[in-house]
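Q: Please take a close look at the largest pocket: how much space lies in it, which residues line it, and which helices supply them? Please also set the pocket against the chain as a whole.

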Amino acid sequence: MKTPLTLDSVLEEKLQDSEFREHYEQAYYEFRIADKIAKARKSAGLTQKQLADQIGTTRKTICRLENASNRSYTLQMLHKIAVAMGMELDIQFRPREKI
């Protein structure tokens, strides 16, 4: 009897392809950035509109930044967001974790 396919086993096989892996990792990190922005904003007790007003942009822009398919992050924008939430932007380089 064949071992049933699982999402993990299919993903593990696909990640052997370097091009697939590169795209997967890019999407993974984009999701993490968007998720961190949304969680930090909520932790600061701000709505998207309030954050937007504080950094001089629109709620729609904040919504896009919290969407993982967005790719328009700039260091300047991330810094503005952090300051508006009373936080510090911390960018780290560390050993790769297994995705």
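**The largest pocket and its setting**

A: By class, the lining of the largest pocket is made up of 13 nonpolar, 1 polar and 8 charged residues. The model is a predicted one, and the space in this pocket comes to about 890 Å³. Its lining numbers 22 residues, of which Ile33, Lys36, Asp90, Ile91 and Gln92 are the closest to the pocket centre.

Turning to the helices, at least two lining residues come from each of α2 (18–43) and α5 (75–84). The largest share of the lining belongs to α2, which supplies 7 residues.

The chain around the pocket is built from 5 helices and 0 strands, and its elements follow the pattern α-α-α-α-α along the sequence. The protein chain is more spread out than a compact globule, because its radius of gyration is 17 Å, well over the 13 Å that the globule rule gives for 99 residues. Taken along the principal axes, the box filled by the C-alpha atoms is roughly 60 × 25 × 20 Å.

Burial and contacts complete the setting. Of the 99 residues in the protein chain, 26% are buried. The accessible surface of the chain is about 7800 Å², and carbon and sulfur atoms account for 54% of that area. Among contacts between residues at least 6 apart in sequence, 55% join residues at least 24 apart.

In summary, the largest pocket is lined by 22 residues, with α2 as the source of the largest share, in a chain of 5 helices and 0 strands.

Definitions and conventions. Residues numbered from 1 in each chain as written. Predicted model: local features only at pLDDT ≥ 70, side-chain atom pairs only at ≥ 80, totals over all residues. Heavy atoms only, no water. 1 Å grid on protein atoms, 1.4 Å probe; cavity = no way out; pocket = protein on both sides within 12 Å on 5 of 7 lines; lining within 4 Å. Points joined across faces, edges and corners; volume = space filled by probe spheres on them. Helix = DSSP H or I, 4+ residues; strand = E, 2+ residues; numbered from the N terminus. Nonpolar A, V, L, I, M, F, W, Y, C, P; charged D, E, K, R; others polar. Rg over C-alpha atoms; globule rule 2.2 N^0.38 Å. Buried < 20%, exposed > 50% of the residue type's maximum accessible area, 1.4 Å probe, protein only. Contact = heavy atoms within 4.5 Å. Areas by Shrake-Rupley, 256 points an atom, 1.4 Å probe, with all protein chains shown as cover.
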